[in-house]
Amino acid sequence: QVRLVESGGGLVQPGGSLRLSCSISGSIFRNYALGWYRQPPGKQRELVAAIASGGSTNYLDSVKGRFTISRDNAKNTVYLQMNSLKPEDTAVYYCNRGWTTQRDLWSWGQGTQVTVSS
């Protein structure tokens with residue numbers, strides 16, 4: 001049973017930064033590609049950034065150059081550094097497997113709320 005625990009969200013002004021963390025237990029962490037997803041109010045969840053087991057990354061076009069995904073295999077943790085935040089980044093952020101089918105996703109954690117507002 002994989003357990004996902006996201007943290008680090010909060011209220012930030014436009015242009016500000018946040019660093020999200022996701023602790024993953026119950027799996028062979030280093031073998032999986034991982035991803036950060038977000039679900040804005042009233043919208044579907046979308047993949048924002050993903051990182052392969054070997055470290056290669058990919059990003060949603062709207063966050064390229066502003067967000068950075070990283071992983072620490074020793075700590076079973078994946079991070080999302082978010083800079084130059086915009087109001088449209090407001091969403092609940094979740095971590096899960098990256099680049100996988102819907103049926104192969106792990107059970108979702110509680111997510112962490114990011115609100116960008118002045």
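Are Arg-66 and Asp-89 buried or exposed? Arg-66 is buried, and Asp-89 is buried as well. Please bear in mind throughout that the structure before you is a predicted model.

Colleagues, my subject today is the salt bridges of this chain. The count comes to four. Side chains of opposite charge can pair when their charged atoms come close.

Let me begin with Asp-89. Its relative accessible area is 0%, and because buried means under 20%, Asp-89 belongs in that class. One of its partners is Arg-66, with the closest N and O atoms 2.8 Å apart. Arg-66 sits in the loop between strand E6 (57-59) and strand E7 (67-72), whereas Asp-89 sits in the loop between E8 and E9, so this salt bridge ties together parts separated by 23 residues in sequence.

Asp-89 also forms a salt bridge with Arg-38, where the closest N and O atoms are 3.0 Å apart. This pair links distant parts of the chain, as Arg-38 belongs to strand E4 (residues 34-39) and Asp-89 to the loop between strand E8 (77-82) and strand E9 (91-97), 51 residues apart.

I turn now to Arg-38 itself. Arg-38 is buried, with a relative accessible area of 5%. Arg-38 has a salt bridge with Glu-46 too, and there the closest N and O atoms lie 2.9 Å apart. Glu-46, by contrast, is partly exposed, at a relative accessible area of 28%.

To bring these pairs together, I return to Arg-66 and its salt bridge with Asp-89. Through salt bridges that share partners, Arg-38, Glu-46, Arg-66 and Asp-89 are joined into one network. Thank you for your attention.

Key: Residues are numbered from 1 along each chain as its sequence is written. This is a predicted model: local features need pLDDT of at least 70, side-chain atom pairs count only at pLDDT 80 or more; totals for chains, interfaces and linings use all residues. Side-chain values use heavy atoms; hydrogens and water are left out. A salt bridge is a side-chain nitrogen of Lys or Arg within 4 Å of a carboxyl oxygen of Asp or Glu. Buried means under 20% relative accessible area, exposed over 50%, partly exposed in between (1.4 Å probe, protein chains only). Helices (H or I, at least four residues) and strands (E, at least two) are DSSP runs, numbered from the N terminus.
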